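Colleague: I would be grateful for a close look at a single helix of this model and at what surrounds it. Please then set that helix in the context of the whole chain.

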Amino acid sequence: MSLDSVTQNVDEAVSDFFEPIAKWLGKVVFYAVPVGGTELPLIVAWLVVAGLVFTGWFGFVQVRKFRLAVDVVRGKYDEKGSTGEVNHFQALTAAVSGTVGLGNIAGVAVAVSWGGPGATFWMILCGLLGMATKFVEVTLGVKYREVHADGTVSGGPMHYLPKGLKERFGSGGAKLGKVLAVLASIMVLFFGLFGGNLFQTNQSYAQVASAFGGEDGFLASSAGAVLFGLVVSALVGLVLLGGIRSIASVTSRLVPAMAGIYIVACLVVILSNVTHVPDAFQTILRGAFEADGVAGGVLGALIVGFQRAAFSNEAGLGSAPIAHSAVKTKHPASEGLVALLEPFIDTVVICTMTALTIVIANPASWGEAREGKDIGGVTITSDAFETVLPWFPYILTVAVLLFAFSTILTWGYYGLKAWSYLFGKSRASETVFKVVWSLFVVLGALMSLDSLISLADSALFLLSVFNIIGLYLLAPVVKRELGSFLEFVRARKAGEISDGDEGQESVKTTV
């Protein structure tokens, strides 16, 4: 029996078993209500409302403290002797690498097809609101993180939910927090293995095989798939063995590189059509209030835009605090401010660049998709670039590989922390996880397991329900932490506190 037939049989067997479960859970988690001729998934409303609440609660912190956040990333307020494993810039890039991915390339194309160009406007607005939510959850992640004897750090909802709720509400809060922490760990682990690992490998392999030889090429064969999987698995394993320091070291170089390559490619298309830029912005603004997408109406554009942004930047899902918790700082709110830059980079910058490129290039495939035809998001984005860069599929392949690799690394770290919370932080336990994680990379090149990936998406967004309840209950703690850090900043500027940054790592970045 050939390898192809074996993997196909496994795919079909897994799908047959999990597909009913995935469909049922998907209907529950992504339950939608009819609004103005379209449907609004309540989970998206849940995330957007959280952004609105926290934006108001903290007085538009994402606007007022944006410059301060940039200064923190650059190391201006580092303190000697701070507990943690990585600096602010490395923590930010590690977290961004988990959110910036294939959704920024394909998902945005789907958004401006179904919601029309105006979906871009609402996508940006949702990204701006998500900055406040990210600030809250990451501040809590650092506040209640656990520092181990070997100097490593663990954080995330599995830590701040039980600790924070116990601190505020006593034994009752502790019991509730413990239940939520276990559920959060299971969901992070499940999504990590299938959505953050298997899916990323599968899609990047498909793009590489398509770009180099197509269906008749060596890479399209089972042997080529195994070779691709083994190479990526080996690279992931080597980085993952080094822990968050190793991951942060790679992502701090990889994220700026991959974002730079992609943004430059977008700018080439935009500048080549520079005379059309004013019209493109007018089309986006007009479309936001006079939508003509498949979803129909202004509400259609709004819902599609909000949905794309919420799914892209993961604000409120509780995943990013796991990476940010490893930062070297004595003030939790300092990293919360750094984290609010994450949705800005992911949604406001990269997603918007993709949307603007598509609107300006106006490829034929985009027009067909807006008429209701089933056109893949990657195809639309690729066609938009090909109007100026005929060889763009090769650049897209590099971008997809970098996006996928960085996502696998970051979700490997998230998964490890969830695994350690559930099964203990012993060397044997962590080794088992790393072996399993690396094996899933190889499986990703051979199988798709679509039903499991759909199930993983539901698990991840179900996590936001528990996480945001905790954020509401613990928001007063965040407000105190922000006040404490702002007082530190005031004292540093006034010269009442010395810089004390001799022991900090320098952050070489042009942020």
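Modeller: The cover over the buried residues of α19 includes α8 (157–211), α9 (222–241) and α18 (392–423). Beneath that cover, the buried residues of α19 include the aromatic positions Phe433, Trp437 and Phe440. Val441, Val442, Gly444 and Ala445 are also among the buried residues of α19, as are Ser429, Glu430, Lys434 and Ser438. Helix α19 itself runs over residues 427–446. Its 20 residues should span 28 Å at 1.5 Å a residue, and the end C-alpha atoms lie 29 Å apart, so the expected and modelled spans agree.

It should be kept in mind that this is a predicted model. The protein chain has an average pLDDT of 84, and 92% of its residues reach at least 70. Residues 501–511 stand apart from this description, with pLDDT under 50 throughout. For that segment the model has 25 contacts beyond four places in sequence. Where pLDDT is low, the predicted coordinates should not be read in detail.

Helix α19 belongs to a chain with 20 helices and 4 strands. For 511 residues, a compact globule would have a radius of gyration near 24 Å; the protein chain has 22 Å, and therefore agrees with that expectation. The C-alpha trace spans about 65 × 55 × 45 Å along its principal axes. Of the 511 residues, 59% are buried. Among contacts with a separation of 6 or more, 84% join residues 24 or more positions apart. The protein chain exposes about 20000 Å², and carbon and sulfur atoms supply 63% of that area.

The cysteines offer a further point of detail. The structure holds 0 disulfides. For cysteine 126, the closest cysteine sulfur is that of cysteine 351, at 10 Å, which is too far for a bond; a disulfide would require the two sulfur atoms to be within 2.5 Å. Cysteine 126 is buried, with a relative accessible area of 6%. The sulfur of cysteine 266 likewise has its closest cysteine sulfur in cysteine 351, 10 Å away and therefore too far for a bond. Cysteine 266 is buried as well, at a relative accessible area of 0%.

Technical notes
Residues are numbered from 1 along each chain as its sequence is written. This is a predicted model: local features need pLDDT of at least 70, side-chain atom pairs count only at pLDDT 80 or more; totals for chains, interfaces and linings use all residues. Side-chain values use heavy atoms; hydrogens and water are left out. pLDDT is the predictor's confidence in each residue, from 0 to 100. Contact means heavy atoms within 4.5 Å. Buried means under 20% relative accessible area, exposed over 50%, partly exposed in between (1.4 Å probe, protein chains only). Helices (H or I, at least four residues) and strands (E, at least two) are DSSP runs, numbered from the N terminus. The radius of gyration is taken over C-alpha atoms; the globule rule is 2.2 Å times the number of residues to the power 0.38. Accessible areas come from the Shrake-Rupley method with a 1.4 Å probe; for residues, only the protein chains shown count as cover. The expected span of a helix is 1.5 Å times one less than its number of residues.
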